[in-house]
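Trainee: May we go through this structure together and examine how each description is justified?
Mentor: Certainly; let us look at it first.

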Amino acid sequence: MSLPAGPVLGIETSCDETAAAVLAPEGRVLGEAVLSQPEHGRFGGVVPEVAARAHLDHLPRLVAGVLDRAGLGCAALGGVAATAGPGLIGGLIVGSSFAKGLALAHRLPFVAVNHLEAHALTIRLPGLEAAEVAFPYLALLISGGHCQCVAVLGVGHHQRLGGTIDDAVGEAFDKVAKLLGLAWPGGPALERLAAGGDPQRFALPRPLRGRPGCDFSFSGLKTAVAHLIAAQPDAAAADIAASFQQAVADVLGDRADHAMAAFAARLAGRTLVVAGGVAANATLRTALAAAAARRGFTLRAPPPRLCGDNAVMVAWAGIERLRRGLSDPLATAPRPRWPLESLAR
Ligand code: KG4
Ligand code: ZN
């Protein structure tokens, strides 16, 4: 393995965060910026065309600012990495085309980064953990668009153990938050509201708890909350939020338990990594840490600012690939659907 020839620029535009970051070849963050597009708030969800146009408006300035803060010109870079999927195709085209243009103009290697792999590898960013989190480990990827358990065997080498059969967990948070009248995106607001509520107040379902395998389901839980609100319109919103969050914590703990058992039966590592926007939730982290301890695993989670979409993780995934001699042709097309298992060479 050899380090990239210079700092690596990362670009993230797969959903509604426009983000850029520059990392030194060994992974030190030299500059970073994340812009959460405010344009979608009034629609109560991400509007793909609006997101793509906003990326187009914001990305050039964001990249220039990050390079400026790092005190670097493009010529000093050792590579450009951009999220090329999975995600909303308009945004993916904007970010990856921008990165390819820079790579072409400055004769730099281009890395087409899989967004899920970027979330899964974030925990290996130097400086986050006392010791590097080594392969293999089990990753629970929980965000607005994704919810899956993956055995991370190496860079480009992943095995999916289970995933959601309906909604992603962040989607459930956002929908329940909307039912409670909270502003979008509702996950963080729901967590704040739940802090003042009673998690035992309402008995909500725990979908798939105790079932074999490690798939997830959240749409029934969301529907149960909708019925509860319709039946008891005067119920305290904080109690509903806390009861919902507790149900999610119980389900995630149970599903992660099954995934750890499956992982431990075949593989040597005993680390459970949680990543993605929902991993910022403290109640869920506590539940997962307890579930991990019961199985002899240790829970590792990136700091909350690196859980949600960001470009530090994209640049880092780029470095992990460049170190192994992996880069991509400029003809690589972005992919709205791009399962992690398909990365295997
Ligand atoms: O990883 P991310 O930024 O974007 C996707 O790839 O989807 O995740 C965003 C999701 C949203 O659904 C948001 O509501 C949720 O993560 N989220 C949270 C929290 N912070 C963000 N959900 C629960 N508790 C939080 N503290
Ligand atoms: Zn994400």
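**Reasoning from values to terms**

Mentor: In this predicted model, Asn281 lies in the loop between β9 (271-275) and α8.

Trainee: What makes Asn281 buried or exposed?

Mentor: The relative accessible area of Asn281 is 5%. Buried means under 20%, so Asn281 is buried.

Trainee: Which residues is Asn281 in contact with, leaving aside its neighbours within four places in sequence?

Mentor: Asn281 is in contact with Phe173, Glu191 and Gln245. Gln245 belongs to α7 and is among the residues that meet α8.

Trainee: Why is α7 called roughly parallel to α8?

Mentor: Helix α7 (residues 237-266) packs with helix α8 (residues 282-294) at an angle of about 30°, and their axes are 9 Å apart. Angles under 35 degrees count as roughly parallel, and therefore α7 is roughly parallel to α8. The crossing of these helices is right-handed.

Trainee: Which residues of α7 and α8 meet?

Mentor: From α7 they include Leu252, Gly253 and Met260, and from α8 they include Thr283, Leu288 and Ala292. The residues of this contact divide into ten nonpolar, four polar and no charged.

Trainee: How do you know how α1 is directed relative to α2?

Mentor: The axes of helix α1 (residues 48-70) and helix α2 (residues 89-106) come within 8 Å and cross at roughly 30°. An angle under 35 degrees counts as roughly parallel, so α1 is roughly parallel to α2. Their crossing is right-handed.

Trainee: Which residues form the contact of α1 with α2?

Mentor: Among them are His55, Leu59 and Pro60 in α1, and Gly91, Phe98 and Leu102 in α2. This contact divides into eight nonpolar, four polar and no charged residues.

Trainee: Let us turn to the cysteines. Why is there no bond between the sulfur atoms of Cys149 and Cys214?

Mentor: The cysteine sulfur closest to that of Cys149 is in Cys214, 5.0 Å away. A disulfide requires sulfur atoms within 2.5 Å, so this pair is too far apart for a bond.

Trainee: What of Cys307, and how many disulfides are counted?

Mentor: For Cys307 the nearest cysteine sulfur is that of Cys147, 14 Å away, and Cys307 is in no disulfide. The count comes to zero disulfides.

Trainee: Why are Cys149 and Cys307 classed as they are, buried or exposed?

Mentor: The cut-off for buried is under 20% relative accessible area. Cys149 has 1% relative accessibility, so Cys149 counts as buried. Cys307, at 0%, therefore counts as buried.

Definitions and conventions: Residues are numbered from 1 along each chain as its sequence is written. Chains are lettered from A and ligands numbered from 1 in the order in which they are written. This is a predicted model: local features need pLDDT of at least 70, side-chain atom pairs count only at pLDDT 80 or more; totals for chains, interfaces and linings use all residues. Side-chain values use heavy atoms; hydrogens and water are left out. Buried means under 20% relative accessible area, exposed over 50%, partly exposed in between (1.4 Å probe, protein chains only). Axes are lines fitted to C-alpha atoms, for helices over the stretch in contact, and angles run from 0 to 180 degrees between N-to-C directions. Helices (H or I, at least four residues) and strands (E, at least two) are DSSP runs, numbered from the N terminus. Angles under 35 degrees count as roughly parallel, over 145 as roughly antiparallel, 65 to 115 as roughly perpendicular and the rest as oblique. A crossing is left-handed if the near helix is turned anticlockwise from the far one by less than a right angle, and right-handed if clockwise. Contact means heavy atoms within 4.5 Å. Ala, Val, Leu, Ile, Met, Phe, Trp, Tyr, Cys and Pro count as nonpolar, Asp, Glu, Lys and Arg as charged, and the others, Gly among them, as polar.
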